[in-house]
Amino acid sequence: MSLKKINTVLAAAFILFILWFGTEFILSPETTAPGYGLPSRPSGDGDGFLIIKGIRDVVLALVLGILLVTGHRRALGWALLVEALAAYGDMTNVLAHHGSVATALGVHCLTATLMAVNGLLIMRETRKVAAAPATPAPQPA
């Protein structure tokens, strides 16, 4: 399997994972929240804040999906790199609030790192294509 196909499959997997996870936060925040890694739910009606996280994740997934489907691979690489910051932010949030270290590292940090690596691989793949010399068009005789 070529590097381009592997990168495409990885990007599609991230998109589906983020879309699924975000949708779960929107549809069922009370049952999804414990998987985020924080030690407790917000007091009172905190579902609105959890739904915000879900909406963020769905939007992040849609941006990646549009770039993948339209073939804008270099932009996809950049977006993966930038969107990895959201997962690193989630990791930092969980650690800063004395949440589960295992979830912070095993879910958020791992996801962010794999997204960043996939983004770098796509950037490397597209750099090679961009750096290839253009072949002059044949001239009529």
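**View 1. Lys53 and Asp57, a buried pair in helix H3.** Both Lys53 and Asp57 are buried (buried means under 20% relative accessible area, exposed over 50%, and partly exposed in between, with a 1.4 Å probe and protein chains only). This is a predicted model, in which local features need pLDDT of at least 70 and side-chain atom pairs count only at pLDDT 80 or more, while totals for chains, interfaces and linings use all residues. Residues are numbered from 1 along each chain as its sequence is written, and side-chain values use heavy atoms, with hydrogens and water left out. The side chains of Lys53 and Asp57 form a salt bridge (2.5 Å, N to O). The term salt bridge stands for a side-chain nitrogen of Lys or Arg within 4 Å of a carboxyl oxygen of Asp or Glu. Lys53 and Asp57 are 4 residues apart in helix H3, so about one helical turn separates them. Helices (H or I, at least four residues) are DSSP runs, numbered from the N terminus.

**View 2. Asp90 meets Lys53.** Side chains of opposite charge can pair when their charged atoms come close. Here the side chains of Asp90 and Lys53 meet in a salt bridge (3.7 Å, N to O). Asp90 belongs to helix H4 (residues 73-96) and Lys53 to helix H3, so the pair ties together parts that are 37 residues apart in sequence. Asp90 counts as buried because its relative accessibility is 8%. Lys53 has 12% relative accessibility, so Lys53 counts as buried too.

**View 3. Arg56 and the salt-bridge network.** Arg56 and Asp90 also join through their side chains in a salt bridge (2.7 Å, N to O). Arg56 sits in helix H3 and Asp90 in helix H4, so this pair links parts that are 34 residues apart in sequence. Arg56 is partly exposed, with a relative accessible area of 29%. Which residues are joined into one network by salt bridges that share partners? They are Lys53, Arg56, Asp57 and Asp90. The structure holds 5 salt bridges.

**View 4. A nonpolar patch on the surface.** Ile26, Leu27, Ile55, Val59 and Val63 make up this patch, with about 420 Å² of accessible area together. Helix H1 (3-27) and helix H3 (47-69) each give two or more residues to the nonpolar patch. H3 gives the most, with 3 residues. Patch residues have over 30% relative accessible area and no salt bridge; like charges are joined within 9 Å, and nonpolar side chains (Val, Leu, Ile, Met, Phe, Trp, Tyr) within 5 Å. Accessible areas come from the Shrake-Rupley method with a 1.4 Å probe, and for residues only the protein chains shown count as cover. Leu27 lies in helix H1. Leu27 is exposed, with a relative accessible area of 65%.
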